[in-house]
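I opened my notebook to go through one protein model. Here is what I pulled up on screen.

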Amino acid sequence: MNATEIMKSIESAQMKEAAPQFRVGDTVKVFGKIVEGTRERIQVFEGVVLKKQGYSNRETFTVRKISNGVGVEKTWPLHSPNVEKVEVVRRGKVRRAKLNYLRGRVGKKAKVKELVK
């Protein structure tokens, strides 16, 4: 067994069986585990997915929300045990793979159109 096969076997063991299905532009709720001392709780982070990058168990996604008038972005590993679940609130209609232009926008200009099927 060579090194790449060993790495693939380790990575496949760390991946989640049912990875959440969402795309860039979707508004999602990320249920993240927060550990404070000995206590553990779930905290919800709701916002627009700006980008997805990476592959396999290294895949990450960035979510942006506006909190008290300040933009907050958080990058989550998709297959992390600290991500309990990802729930899609609404689908977004975008024509870009990365929505970095939303960083410079405020208010209604920072909205993403909803995908209607």
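These entries follow the order in which I looked things up.

**Entry 1: ground rules**

I am working with a predicted model, where local features need pLDDT of at least 70, side-chain atom pairs count only at pLDDT 80 or more, and totals for chains, interfaces and linings use all residues. Residues are numbered from 1 along each chain as its sequence is written, and side-chain values use heavy atoms, with hydrogens and water left out.

**Entry 2: the overall layout**

I started with the secondary structure, and it comes to one helix and five strands. Helices (H or I, at least four residues) and strands (E, at least two) are DSSP runs, numbered from the N terminus. Reading from the N terminus on, I get the order α-β-β-β-β-β.

Then I checked the dimensions: the C-alpha trace spans about 55 × 40 × 25 Å along its principal axes. Of the 117 residues, 30% count as buried. For my own reference, buried means under 20% relative accessible area, exposed means over 50%, and partly exposed is in between (1.4 Å probe, protein chains only).

**Entry 3: the sheet**

In what order do the five strands sit in the sheet? I traced β4-β3-β2-β1-β5, an open sheet with antiparallel pairing. Two strands pair if DSSP finds at least two bridges between them. The edge strands, β4 (70-77) and β5 (83-90), each pair on one side only.

I also looked up the twist: neighbouring strands of this sheet are turned by 40° against each other on average, direction ignored. The axes behind that angle are lines fitted to C-alpha atoms (for helices over the stretch in contact), and angles run from 0 to 180 degrees between N-to-C directions.

A reminder from class: strands of a sheet pair through backbone hydrogen bonds, either parallel or antiparallel.

**Entry 4: β1 and its two partners**

Next I zoomed in on β1, residues 27-36. With β2, β1 pairs in the antiparallel sense over ten bridges. With β5, β1 pairs in the antiparallel sense over six bridges.

I picked V28 to see both pairings at one residue. Its bridge partner in β2 is G47, and its bridge partner in β5 is V88. A little further along I clicked on V30, whose bridge partner in β5 is V86.

The hairpin of β1 and β2 has two residues between the strands, and G37 takes a positive phi near 70° there.

**Entry 5: salt bridges**

How many salt bridges does the model have? I count eight, where a salt bridge is a side-chain nitrogen of Lys or Arg within 4 Å of a carboxyl oxygen of Asp or Glu.

I followed E73 in particular. Its side chain meets that of R64 in a salt bridge (3.1 Å, N to O). E73 counts as partly exposed because its relative accessibility is 32%, whereas R64, at 14%, counts as buried.

E73 also meets R103, at 2.6 Å, N to O. This pair links distant parts of the chain, with R103 in the segment after β5 and E73 in strand β4, 30 residues apart. R103 is partly exposed, since its relative accessible area is 36%.

Then I found R90 and E114, whose side chains meet in a salt bridge at 3.3 Å, N to O. Here R90 is in strand β5 and E114 in the segment after β5, 24 residues apart. R90 has a relative accessible area of 25%, so R90 is partly exposed. E114 is partly exposed too, at 44%.

Back to E73 for a last note: salt bridges that share partners join R64, E73 and R103 into one network.

**Entry 6: the largest pocket**

I searched for open space next. A pocket is found on a 1 Å grid over the protein atoms alone, as an open set of points where a 1.4 Å probe fits, with protein on both sides within 12 Å along at least five of seven lines; lining residues have an atom within 4 Å of a point.

About 250 Å³ of space lies in the largest pocket, a volume being the space filled by probe spheres set on the points, which are joined across faces, edges and corners. I listed 13 lining residues, of which V48, R64, K65, I66 and A110 lie nearest the centre. The elements giving two or more residues to this lining are β2 (39-53) and β3 (60-67).

By class, I wrote down five nonpolar, three polar and five charged residues in the lining. Ala, Val, Leu, Ile, Met, Phe, Trp, Tyr, Cys and Pro count as nonpolar, Asp, Glu, Lys and Arg as charged, and the others, Gly among them, as polar.

**Entry 7: R95**

Buried or exposed: which is R95? R95 is exposed, because its relative accessible area is 81%. I found R95 in the segment after β5. R95 and T4 are 91 residues apart in sequence and 35 Å apart in space, C-alpha to C-alpha.
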